Amino acid sequence: MEQPKGVDWTVIILTCQYKDSVEVFQRELEIRQKREQIPTRTMLLAVEDPEVHVGSGGATLNALLVAAEHLSARAGFTVVTSDVLHSAWILILHMALCLKLFCLSLLPPQGRDFPFDDCGRAFTCLPVENPQAPVEAVVCNLDCLLDIMSHRLGPGSPPGVWVCSTDMLLSVPPNPGISWDGFRGARAIALPGSTAYARNHGVYLTDSQGFVLDIYYQGTEAEIRRCGRPDGRVPLVSGLVFFSVETAEHLLATHVSPPLDACTYMGLDSGARPVQLSLFFDILLCMARNVRREDFLVGRPPEMGQGDVDIAGYLYGARAELWRELRDQPLTVAYVPDGSYNYMTNSASEFLHSLTFPGAPGAQVVHSQVEERQLLGAGSSVVSCLLEGPVQLGPGSVLQHCHLRGPIHIGTGCFVSGLDVAQSEALHGLELHDLVLQGHHVQLHGARSRAFTLVGRLDSWEREGTGTYLNMSWSQFFQKTGIRDWDLWDPDMPPIERCLLSARLFPVLHPSRALGPQDMLWMLDPQEDGGKALRAWRASWRLSWEQLQPRLDRAATLASRRHLFFRQALHKARHVLEARQDLSLRPLIRAAVYEGCPGPLMATLDQVAAGGGDPGVAARALACVADVLGCMAEGQGGLRSGPAANPEWVRPFSYLECGDLARGVEALAEERDKWLSRPALLVRAARHYEGAGQILIRQAVMSAQHFVSSVPVELPAPGQWVVAECPARVDFSGGWSDTPPLAYELGGAVLGLAVRLNGRRPIGARARRIPEPELWLAVGPRQDKMATKIVCGSLDDLQDYCQPHAPGALLKAAFICAGIVSVHSKLSLSEQLLCAFGGGFELHTWSELPHGSGLGTSSILAGAALAALQRAAGRAVGTEALIHAVLHLEQLLTTGGGWQDQVGGLMPGIKVGRSRAQLPLKVEVEEITVPAGFVQKLNDHLLLVYTGKTRLARNLLQDVLRSWYARLPAVVQNAHNLVRHTEECAEAFRQGSLPLLGQCLTSYWEQKKLMAPGCEPLAVRRMMAVLAPHVHGQSLAGAGGGGFLYLLTKEPRQKEALEAVLAKTEGLGNYSIHLVEVDTQGLSLQLLGTETSA
């Protein structure tokens, strides 16, 4: 299903808690813009919260000010003006909105960090893939929220400001049913929750029209019940708010009013004292209808806690200013009953539950390469990992961002993240259960290093309560390990503050060696090592969790994840190609180019192409290199389709022609390095890589020579003409599946008809021996009218046989393919001809069809020429052998092409040609038996209309092959449908049903358009629309793009009637309608009397 058009955001702002993260997260936004997740014109801003104590409301006001300031500057203003909001769609994404308010009064700023991802909840990776994504990437929570805001919640909303928290897992249906008619004020998006969940959360109380009456936080049972919906659920405060332009202007106006100016960077830069403000319990609450001014002014938001008595007066002033500006703005709720909301708590059990799939039969493996998948437990998940050897993962456990080499056993209830192969050995011989083991990138006084943390799944991050570590009480932990409380906390620290957050457990620097997981894992099972591990731990510089957070190196963390993602991606690319999987690598190619990693990918593709010895795998690998080069050109440098015969590429091409794949690929890479400096060169290099792939396709198709044979027959007398005549062909189903490499990689099936036009067989050739040791060639529109005459007196005259547009190239290739002449022989042309035949040959070909007709002219003409030549040379060739010989000839000619044309025109009547997904390429033909009298009925209802448009099949062919090698999902599916549809069409013929055949034609035309977009010119579309009421079905012949249109009319003998219909339609050009009938003879060959050579 096609995704609806998303919101064209004017500005997207990502707020972040730490100053050193701003540049890091700015780059992350820009990467997503390159991935086409964000519109190209959107302004992207990562903004540091002005002060950690400004709260969610202060962060929102500051972000709104920054957006308005940048938009004002872009519009040419010298001061901030709210006028710029009137045509702007602004999205503010908060990294630390902190909706789970009950924990906030208990934690210092560092304690609010997410303990399971160093880059926060927004960048927590989820075990999901987006197969439709144009660029391959790990999916973070931020990506899901961007998609929801852009494609589900945002569409239809007027200009204004959306605010979205990133600390929640959100699910919203494709059409949430939100109406924006007559909207003004602010609107909160509420999602359903249970009353039990609501006890530790915020809920909205609304009236019947959706206006907010009050907002409860940790409400009483009675208050929560008052908020209940008919389905028994309640509308949760979910971190999603929309402000209309009017309301946003009122909110923005407060940034100049003390004490609210202190919520913004401008106020703080002016020396104002910071004020903590809640988005929901300050800004939104003052708009709730049941809230009284007196109660509001003396209240305080839950996130402030109860210990800040000295700033009560300061907050009173802030709330008074909010009441003045916002009280008259209406606040409504849009309830999304089919959505879901889950706050990402600091509970490891809840976190694991959100990333695993209880009850699932297998593991969820996402953007990961796993050698032994059978060792992954049911319901577990693996995200962006490279697992070599036996790595066992228990049910309900999660691996993220790890490169591990077994044997490793990770049991149930574990979360392991950020370990590289160097740390794998520390896990050998252990069996982990109910543990969280993480590797971290840290900066210590400017130096980068690694640290490792280990906690228990059941450990609590709160300050209150008795506390545990590694799922045991502190006393048990001390007894087991020999660690003492003075190792973890200063003697003067109050007992109430001695908790997991403040315990100096985690080594960050050892005086004599690098740290590893073993510096934490020893605590699980202290060995009788004389206290060696304990002494090493005590000798290390150790930090508590809250001390570690400000030292986390988020830039290095994201860079490391990106590096690992591409390491596993290279394994994936190799496996997809070598296993011949129908998976598209184009999203991965885009990812590598956009993120600056094309070199390693091209090196891997080179290795695959050179290493396997399989021309099919190698050709696809070279096509992928061409895609990398094309992507690097970024849409500049010209069209992808074009010539590929630059002399600089002759050396690598010659290796490939000789079958030396390894040296050919190496030479291609050496030449490629000279063409990377600018887009025009990149595009030309891509064309030559596609040319190299064509060489390998040619070699694969040449395997059809296995099925070319002839028997000697009496040599015709000199001067005696051998005449071959053929019908044209009309394809009813399956075209494109016969085209190499589809014909031997997928397997092809095409149903075609041999047809006469206006009672004539329009294609033919004639050949005879002549006494002169030369080749006389002639090409014309009719047998008795030769327009072009060529005399070849030497081998040099034949050298352009492989240039399709050279005069007489097809005829020259026919002599070579027939074995009459060898261009590589040491003998001259005359010596070869005199030695074998006592003289030369004269060959004429003709076609009464216009160029680019779509009726298979060139292939059928090649078959006729070969048949006439072979017989003139004293050899008889069967029709099946001719079909394969034409494949050989067209590869010599370098036009490529499939086998359906010669099958359709050389074989009589109605038939299905098939080729298997294998080499050597062999075509088998089945004649379709139809009911008595049906052929005549078909003749009465079948018409051909020449559209007057010339088809450009060469470019269409290049585009289709490019899409096939890229294994674009739509193209792969369509190719399979073409083959399946052919068998359905054959059954329609067996039944003799014109309506069914009409449906087949209609479906077939849609499949052709999917295969080759752009094959339906506007004039043809107009013509088909005019004819549609009069036909069962219609399609352009062949590849489309022009040529002949064939119709299956509802009524018989409709030529004159349809001519009248088309005559009334303007803008159709020089069309003509032709009678057509099924030809039951196919190729005919006859010997005529002798004539004196001219």
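Which residue in E35 is the bridge partner of Ala 765? To find out, select the strands in the order below; the model is predicted.

**Stop 1: the annotated span.** Select residues 834-904, which an unreviewed UniProt entry lists as "domain: GHMP kinase N-terminal". Helix makes up 56% of the span and strand 14%. Its end C-alpha atoms are 36 Å apart.

**Stop 2: strand E35.** Narrow the selection to residues 840-847, where eight of eight residues are buried. Show the side chains: Gly 840, Glu 842, His 844 and Trp 846 point one way from the strand, while Phe 841, Leu 843, Thr 845 and Ser 847 point the other way. Both sets are buried.

**Stop 3: strand E32.** Add residues 763-770, which pair with E35 in the antiparallel sense through eight bridges. Here is the residue asked for at the start: Ala 765 has Thr 845 as its bridge partner in E35.

**Stop 4: strand E33.** Add residues 775-780, a strand that runs parallel to E35 and is joined to it by six bridges. Keep Thr 845 in view, since Val 779 stands opposite this residue.

**Stop 5: the cysteines.** With a disulfide taken as two cysteine sulfur atoms within 2.5 Å, the count is zero. Select Cys 119, which is in no disulfide: the nearest cysteine sulfur belongs to Cys 140 and is 8.6 Å away. Cys 119 is buried, because its relative accessibility is 2%. Then move to Cys 802, also in no disulfide, with the nearest cysteine sulfur, that of Cys 792, 14 Å away. Cys 802 has 28% relative accessibility and so counts as partly exposed.

Technical notes. Residues are numbered from 1 along each chain as its sequence is written. This is a predicted model: local features need pLDDT of at least 70, side-chain atom pairs count only at pLDDT 80 or more; totals for chains, interfaces and linings use all residues. Side-chain values use heavy atoms; hydrogens and water are left out. UniProt positions are given in the numbering used here, feature names are shortened, and annotations may be inferred rather than shown by experiment. Helices (H or I, at least four residues) and strands (E, at least two) are DSSP runs, numbered from the N terminus. Buried means under 20% relative accessible area, exposed over 50%, partly exposed in between (1.4 Å probe, protein chains only). Two strands pair if DSSP finds at least two bridges between them.
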